Amino acid sequence: MRIGVYPGSFDPVTNGHLDILERASKLFDQIIVAVIHNPQKKGFFSIEERVELLQKVTRHNPRVLVDSFTGLLMDYVVKQKAQAIVRGLRAVSDFDYEMQMALMNNKLCPSVETIFIVSSPQYIYISSTKIKEVAMLGGCIDGLVPPYVEHKLLEKIQVRKGTD
Ligand code: ADP
């Protein structure tokens, strides 16, 4: 069985992530979307909320499994018996960081490949950070995230505004 791990913050999942995920799921029998839990980094959504959002928007695809992990990515990948790490590439700006990570991961475990899938042109400018920024300022994020994610994002922004 060919297993791929698609790691990231997914805070929250966007249509750009889902495009990569759908395409990656055609290359593997199982693709595990793994939310990285970095205790030093406080996110907008909690890890549990990010996992729940991912589960909701990927449930039509039986090849996709959603999980979260702490610690070293390579330890997680080996534990899952995966053959590859999948990452999305948007622009040259992603390249330097991704190259460093791929080379370091190759050093840690040479038998695991890192596979890059190039973003579809309509999603190149989308990042979770930009979406949160625009949504917090009242801008329209229609078509950039699934409707359920948009709903949860706007709900959370409202709650935060209420407590400020
Ligand atoms: P990280 O914080 O590890 O970069 P992200 O959640 O931002 O995690 O992204 C996870 C992966 O998805 C990364 O490989 C990133 O480059 C990719 N990605 C994010 N947004 C897009 C997009 N719009 N199109 C293609 N790939 C994307």
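Let's start in helix α5, residues 128-136, where Lys 130 and Glu 133 sit three residues apart, about one turn of the helix. These two form a salt bridge, and their closest N and O atoms are 3.2 Å apart. Keep in mind, everyone, that this is a predicted model. Are these two residues buried or exposed? Well, Lys 130 is partly exposed, with a relative accessible area of 43%, and Glu 133 is partly exposed too, at 40%.

Now, how many salt bridges does the structure hold? Nine, and I'd like to walk you through two others.

Take Glu 98 and Arg 87, a salt bridge whose closest N and O atoms are 2.8 Å apart. Glu 98 belongs to helix α4 (residues 92-108) and Arg 87 to strand β4 (residues 84-89), so this pair ties together parts that are eleven residues apart in sequence. Here the surroundings are buried on both sides of the pair: Glu 98 has a relative accessible area of 5% and counts as buried, and Arg 87 is buried as well, at 13%.

My last pair is Asp 11 with Arg 50, a salt bridge with its closest N and O atoms 3.5 Å apart. What does it connect? Asp 11 is in the loop between β1 (3-8) and α1 (15-24), while Arg 50 is in helix α2 (residues 47-58), so the bridge ties together parts that are 39 residues apart in sequence. Asp 11 and Arg 50 are both buried. And there's a third partner to point out: Lys 132 joins Asp 11 and Arg 50 in a network of salt bridges.

Note on methods. Residues numbered from 1 in each chain as written. Predicted model: local features only at pLDDT ≥ 70, side-chain atom pairs only at ≥ 80, totals over all residues. Heavy atoms only, no water. Salt bridge = Lys/Arg side-chain N within 4 Å of Asp/Glu carboxyl O. Helix = DSSP H or I, 4+ residues; strand = E, 2+ residues; numbered from the N terminus. Buried < 20%, exposed > 50% of the residue type's maximum accessible area, 1.4 Å probe, protein only.
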